[in-house]
Amino acid sequence: MSNRYLKKSDSFIRAVDCSEKDFIDPNTGSEISSVDGSDKHKNIKKLNLERSEIQEFDSFSMDQQTLNHTYSPVRNSIDSGHISSHSRSMLNDFTHDAVPLSVFYKKHLTIDKTQNNTRPTLEQLHKGVGLENAKKRHWDPTKQEELEVLLKNDSRSATKLGWIRGVLIPTLLNIWGVILFLRIPWIVGQAGIAHATAIVLLATFVTTLTTLSMSAICTNGEVLGGGAYYMISRSLGPEFGGSIGVIFSIANAVAVAFYLVGFAETIQSIMERYDVLIIDRKNDIRIVGLIALILCFIITMFGLDWVIHTQVVLMVLIILAILNVIVGSFYSSVTETRENVLAKGITGLKFETFKENLKPGYRDKQDFFKIFSIFFPAVTGIMAGANLSGDLKDPSHSVPIGTLLAILITSFSYLVLVWFVGASALRDPIGNKFTESFNETNINITLPKYGLVNDFQITEKISFWGPLILAGIIAATLSSGLAALVSAPKVFQAVCRDKIFPFIEIFGKGYGRNGEPRYGYILAFGIAVGFIAIGEINSIAPVNSNFFLMAFALVNYSVFQSSLAKSPGWRPSFKYYNLWVSLFAFLMCITIMFLINWWAALVTILFVGLLYKFVDIRKPNINWGTSRSAHTYVKAVRLARRLETFDEHVKNFRVQVLCLTGQPSLRPSLVHFVSHITNHFGLMICGEVRIASTLSLPKSNQVAWLNNNKIKAFHQIVQNESFGGGARCLLQAVGLGKLKPNTLIMGYMHCWQKVDVHRVNEYFQIIDDALELNYGIGIVRFNSPNDTNGLIAENEQNEVVAANEKNEVVSIKEKNGAIAKKDINGLLKPNETINVPDILFKNSFEFLNEEKRKLQSPTSISGVVTNLFSPKSKGTIDVWWLYDDGGLTILVPHILSLHSKWKGCKLRIFTPASEVTIEANQIKMATLLKKFRIDFSSVVEFQGINKYPKEKNINEFKKLRNGQHLPADGNLDVKTLRQIRIGELLHEHSSEAKLIVLTLPIPKRSFVTPLMYMSWLEVLTANLPPTLLIRGNQTSVLTVYS
């Protein structure tokens, strides 16, 4: 037998074999023999290297220099005496990194966050920031047990149950309920042994398939409190989960009444034997049921321990009662004579009786599925264990094994009772005739008091000892009622704690060491009282069946959708499930619901739908990583790939926009305006360039702001050393496949006359790059606050001064040109204002310095009204389609006119007048627009496009930017003069328009300088209503063909 010893080779420690008794000193190489047993084991533990390290170094060939370089810190620490002589053969046992532990993969809100219970962040490990005072961890996970101990101590006060007491017994008792003794004989009498067997097997088939699905969900991670609700909600999301949680809670509360009414029927039959009557039969059942409910309520208020102890006793009584019926079918009752038993239709176990009862004998308009609806509540108890998942030691193990075993046991017991009862009693009694005088006439009538169909208490007469059956009936009904009364509040408590629905948080509050939902018990008590008032098992059963079948259906659908999504997070340890089997089970449950009662099924589905829609509209702030989101991802990727296989066609053209907005919440007008173009159906990407010399993870994203303002867009952040470089990255890389922008829209550069020429060149270069990449171009200019109904007119990053990093936001105040600071709750802080910048409408691409960027709020800007561009009066959208760019100049205003915010505005198309024929161009334009199927109010011909501009305007043009844009000789070319003239025409014809859409002039390379081009844009847009300069990429986006 050999052990390991450590031998030092240079700086590298390697493990080799040695004798059991001796150690080798790694520094001197001498043998160490004087070590006692206990110390020897301690030293072995200290000297052993991690096996992973040994394997790692054994798998690589490392030269002397590499080894010395790798382990120089260890050598230095040893030489400097930082490591004791006894442990100099070891590497440092401690590290800032974390070895894998389950504590890092759980949410533990009760553990103090200052403790060493979280793994370091990537930034901490990569940059070494924030680890100076952090406690190091040991390489050996067993020495980090304090983390696990914290978790155990956090929950050790609660009673945790194993699979027998926590799942098997509650499930057995729930399934062995009121149907077991009170309705099995009646079901056999109506449906016959063959159909009754089919009913039991069908119910077993449904519950077994559902249990397989439930087991898959339970073993795909830890299941907390809430049972079916927890499983469905974490798989399908809060919409389905919340609706089913409510329905399942109601179903369990109704089940309480169902079971206790059965208990009351038994007590009332005993009272009837002794001629005891409180009021009448129906009211006596209601009174007894209410008393039983109060008794169960008191037991539950004492806590889960009392419920479990009570259930064990009740289960023993039920098992003895079942055996009593089986024995009684062989041997007649000890309390009655053979003749009396035969007169009541009880023949004992006979093949002739079995044969006679084999076929169905439906009466009173009953059929197979009506009888099934009466029996099915018996098997709905399969989720009794799952409902207590929060009280189980290991729900992932306990729920599958306990539930499947309970189904096997109970199904066998139901089949045995069906066969033995069907072979031991007739549908109708043999004797017991009496004579009654009626209208002075003697009439012989057979009293329908006995037999399988007429006597709900016939199992007592079949049994060997009747009182034991009564005890079993009482035990079965009370135990099931007790289990349902515990389950309903537990499920509803989980719903309330998740805050899916408003105003019900009080029912989620827990009391005692087990967190008992006492208010939930009171609510379940109230619901049960209402259904106990019905007083009829056969009336309550179909309602209960529908609710439970709906819950079962969604459990199966959850597994189907999770499996179909193929999410890497879907890894159940329970392997005996199949997505198509789960889908089949889902469809089966829905089908059975309609076969039982079609209108009740519709009402149930409608109720689920209303709750689903309520949660969907409310949109609670919940993220559970549902299979719906996983399936949406898979579907999106699949459709994106499929889109790549289709050739582009002009009829399918959509305006897909890359909008250079910066932080969207700081440019709401530009963002809203572009969203009106995409109109929720086209692609819109808000591009933001952040100036940075080194890359870092962006700390803010405006997705929440976009969602809150109902803008269907994406937010893409790019970091670059220059704005132009970042914009170039966006133009080239943003998008996926054919889901990528084809049009660039950005704000107008207001400060181009004041900033450095490099900034203007950069702005101009973005336009040039977009044209080079075959983009359409749009430039939006808002000249005054009135352009956006008095709101923020220009969409600048620095047009709103945001508060500091304490989650404060700001809002625009009209008085005194100040911004009043508001805290996150919207409460004004008195006497605190921030001055508005002198120039509110600055360059939309002005780079923020570091100080201003630190002041930016990562959240939305409070007070910015999102209902922009909502015209209060009718107006016009003036379209100056001067150059054929493929049709984008006319398509965009047409799309805008369809949006609800612009429906009050009519399209007015401007076209140059013909110098040859009157109204020739007007007729041609109108004809062309009709071929394009574009609605317009009028086509306006304007005169003088070739007229020389006014001298005054030419002089004003030359004064722009102090004349830096002018050529050396100071003369203006024809194209420049035409831009000035078009600007005059715009002021003449469209100064009252709501929006002007104008074809953007193209800057020719090596002909137009950046400053000259910006001068063109200035004269085309200055002192005008909101103006959109737009240019297509000379590819047709409209067609006259269908």
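In strand β21, the bridge partner of V997 is L1028. This report describes the surroundings of that pair in a predicted model, in which local features need pLDDT of at least 70, side-chain atom pairs count only at pLDDT 80 or more, and totals for chains, interfaces and linings use all residues. Residues are numbered from 1 along each chain as its sequence is written, and side-chain values use heavy atoms, with hydrogens and water left out.

**The chain as a whole**

The chain contains 35 helices and 21 strands. Helices (H or I, at least four residues) and strands (E, at least two) are DSSP runs, numbered from the N terminus. Of the 1042 residues, 51% count as buried. Buried means under 20% relative accessible area, exposed means over 50%, and partly exposed lies in between (1.4 Å probe, protein chains only). Among contacts between residues at least 6 apart in sequence, 78% join residues at least 24 apart; contact means heavy atoms within 4.5 Å.

**The sheet**

Strands of a sheet pair through backbone hydrogen bonds, either parallel or antiparallel. Here, an open sheet of 10 strands has mixed pairing and follows the order β11-β10-β9-β12-β13-β21-β20-β17-β18-β19. Two strands pair if DSSP finds at least two bridges between them. The edge strands, β11 (714–720) and β19 (938–942), each pair on one side only. From one strand to the next, the twist averages 25 degrees.

Three pairings within this sheet are set out below.

| Strand pair | Sense | Bridges |
|---|---|---|
| β13 (residues 776–781) and β21 | antiparallel | 5 bridges |
| β20 and β21 | parallel | 4 bridges |
| β17 (residues 875–880) and β20 (residues 995–999) | parallel | 4 bridges |

Individual residues show how these strands are aligned. R781 has T1027 in β21 as its bridge partner. Between β20 and β21, L998 has L1029 in β21 as its bridge partner. On the β17 side, D878 has I996 in β20 as its bridge partner, and V879 stands opposite V997 in β20.

How much of β20 and β21 is buried? In β20, 5 of its 5 residues are buried. Both of its faces are covered, with L995, V997 and T999 on one side and I996 and L998 on the other. Strand β21 (residues 1027–1031) is likewise mostly covered, and 5 of its 5 residues are buried. T1027, L1029 and R1031 lie on one side of β21, L1028 and I1030 lie on the other, and all are buried.

**The crossover and the packed helices**

β20 and β21 pair in the parallel sense. The chain crosses from β20 through helix α35 to β21, and this β-α-β crossover is right-handed. A crossover is right-handed if, with the strands pointing away from the viewer, the path from the first strand over the helix to the second runs clockwise.

Two packed helices are described by the angle between their axes and the distance between the axes. The axes of α29 (residues 757–772) and α35 (residues 1010–1021) come within 9 Å and cross at roughly 75 degrees. Axes are lines fitted to C-alpha atoms, for helices over the stretch in contact, and angles run from 0 to 180 degrees between N-to-C directions. The helices α29 and α35 are therefore roughly perpendicular to each other. Angles under 35 degrees count as roughly parallel, over 145 as roughly antiparallel, 65 to 115 as roughly perpendicular and the rest as oblique.

Which residues form this contact? From α29, V757, V760, N761, Y763, F764 and I767 meet P1010, L1011, Y1013 and M1014 of α35. These residues divide into 9 nonpolar, 1 polar and no charged. Ala, Val, Leu, Ile, Met, Phe, Trp, Tyr, Cys and Pro count as nonpolar, Asp, Glu, Lys and Arg as charged, and the others, Gly among them, as polar.

**Two residues in other helices**

S582 is found in helix α23 (residues 579–596). S582 has a relative accessible area of 2% and is buried. Leaving aside its neighbours within four places in sequence, S582 is in contact with S213, N556, V559 and F560.

N283 has its place in helix α12 (residues 281–301). With 23% relative accessibility, N283 counts as partly exposed. The C-alpha atoms of N283 and Q268, which are 15 residues apart along the chain, are separated by 9.9 Å.
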